[in-house]
Amino acid sequence: MADIFVVVEHRKGEVRDITFEMLFKASELCKESSHNLTAILLGGRDSAFLDDIAPWADRVITLEDERLENYNPDLYKEILHRLIQKHHPFLTFIGHTSFGMGFAPALSVKSGYPIATDCIDILIDNGRPMVTRQIYNGKVFSKDSFRESEGYIITLRQAVCTPEKTEERRGEVFKSELPPDLPEPRQEFMEFVEAGAGEVDISQADLLVSIGRGIGEEENVATVKELADLLGGVISCSRPVVDKNWLPSYHQVGTSGKSVKPKVYLALGISGAFQHVAGIAGAGTVIAVNKDKKAPIFRVSDYGIVDDLFKVVEALKVKLSG
Ligand SMILES: Cc1cc2nc3c(=O)[nH]c(=O)nc-3n(C[C@H](O)[C@H](O)[C@H](O)COP(=O)(O)OP(=O)(O)OC[C@H]3O[C@@H](n4cnc5c(N)ncnc54)[C@H](O)[C@@H]3O)c2cc1C
């Protein structure tokens, strides 16, 4: 019986959602394959969140040191490499986040374990992992297998599942010190820089009217803003709208923008790239308007309208004003 490792991701004293998503996926695999679920927690002294993690895993291997209080990709790579050499895990789960992607590829090179990045699902087929990924901007799913290896590494995309604790695990905790001979990291944590909330905080809005590249031109932003005002909502957007300077960056939803949780999310001319969709995992009702009926946004929508967004915007404005 081998281990399935899950590398805990935390920031500013809080465990990130991706950790529980990975623990959930890993526990499903453990049920089918009788592997042991081992959470790897690298953190500062007396990590307050050890208790949150333990019930999800068969055991937690935790290394505590001031140098691990904040994320350091060099230290993560080196420590995980040593843990892999010692325990030979069958599979190592790392978040497909800026945190995980900071060390996962380097860990794969160092350990010689093959890696599949940005996976949205995983199963074990004939003793080997098989992963599902999206290609062509989310329009096609591909199933990929690995070359034969003692162990494998995958990075899991955020928000591809809703973690649910189906069984209590024993959560034995093994604490250890940092190895004394770790090489000096080349990268150093400096500080957290919070994104300015600006004039609106889209993460607190109940109703978001969100625009994407489909808006076409800067002049059209005002038309949608009028609709947002009539609805009593707030305007948000995808990244190209920010890149073109049509709206300030604090309106951006997604992995490099903000995660939002409105009751209603109206997506106008947004294709539904995963970097965008990851930011609306907490949204209530998602309504999408897109003239391409194959746009990936429809996969995550409760209601979809295949039409020109301007027709829909005008029709709504007429209805609301009259
Ligand atoms: C590291 C990284 C981080 C990223 N972070 C983010 C992020 O945080 N947030 C984010 O949004 N993106 C992010 N991206 C970009 C992301 O990959 C996509 O490129 C982006 O989300 C696409 O934005 P879009 O849907 O507005 O544009 P497009 O993909 O170009 O889609 C435009 C859509 O509008 C539709 N359309 C066009 N005209 C009309 C019309 N008149 N009526 C109706 N529909 C119409 C089209 O059919 C199309 O589906 C990131 C990318 C990288 C590499």
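Colleague: Does Lys317 count as buried or exposed?
Modeller: This is a predicted model, in which local features need a pLDDT of at least 70 and side-chain atom pairs count only at pLDDT 80 or more, while totals for chains, interfaces and linings use all residues. Residues are numbered from 1 along each chain as its sequence is written, and side-chain values use heavy atoms, with hydrogens and water left out. A residue is called buried under 20% relative accessible area, exposed over 50% and partly exposed in between, with a 1.4 Å probe and protein chains only as cover. Lys317 has a relative accessibility of 9%, so Lys317 counts as buried.

Colleague: Which residue forms a salt bridge with Lys317?
Modeller: A salt bridge here needs a side-chain nitrogen of Lys or Arg within 4 Å of a carboxyl oxygen of Asp or Glu, and for Lys317 the closest N and O atoms of the pair are 3.8 Å apart. The two residues are three apart in helix α8 (residues 309-321), and therefore separated by about one helical turn; helices (H or I, at least four residues) and strands (E, at least two) are DSSP runs numbered from the N terminus. The partner is partly exposed, with a relative accessible area of 38%, and the residue that forms the salt bridge with Lys317 is Glu314.

Colleague: How many residues apart in sequence are the parts that Lys25 and Asp121 tie together?
Modeller: Lys25 and Asp121 form a salt bridge in which the closest N and O atoms are 2.9 Å apart. Lys25 lies in helix α1 and Asp121 in strand β8 (residues 121-125), so the parts they tie together are far from adjacent in sequence, at a separation of 96 residues.

Colleague: Which residue meets Glu64 in a salt bridge?
Modeller: Glu64 is buried, with a relative accessible area of 7%, and the N to O distance in its salt bridge is 3.7 Å. The pair links distant parts of the chain, 111 residues apart, with Glu64 in strand β5 (residues 59-64) and the partner in strand β12 (residues 172-176). The side chain that meets Glu64 is that of Lys175.

Colleague: Over how many bridges do β15 and β16 pair?
Modeller: Strands count as paired if DSSP finds at least two bridges between them. Strand β15 (residues 264-268) is mostly covered, four of its five residues being buried, and it pairs in the parallel sense with strand β13 (residues 207-211), where Leu208 has Tyr265 as its bridge partner. On β16 (residues 285-290), Thr285 stands opposite Val264, and β15 and β16 pair in the parallel sense over a number of bridges equal to five.

Colleague: Which helix supplies the largest share of the lining of the largest pocket?
Modeller: On a 1 Å grid over the protein atoms alone, a pocket is an open set of points with protein on both sides within 12 Å along at least five of seven lines, and lining residues have an atom within 4 Å of a point. The largest pocket is lined by 45 residues, of which Arg11, Arg16, Thr255, Gly257 and Ser259 lie nearest its centre. At least two lining residues each come from β2 (10-11), β3 (14-15) and α1 (17-33), and the largest share, three residues, is supplied by α1.

Conventions
On a 1 Å grid over the protein atoms alone, a cavity is a set of points where a 1.4 Å probe fits but cannot get out, and a pocket is an open set with protein on both sides within 12 Å along at least five of seven lines; lining residues have an atom within 4 Å of a point.
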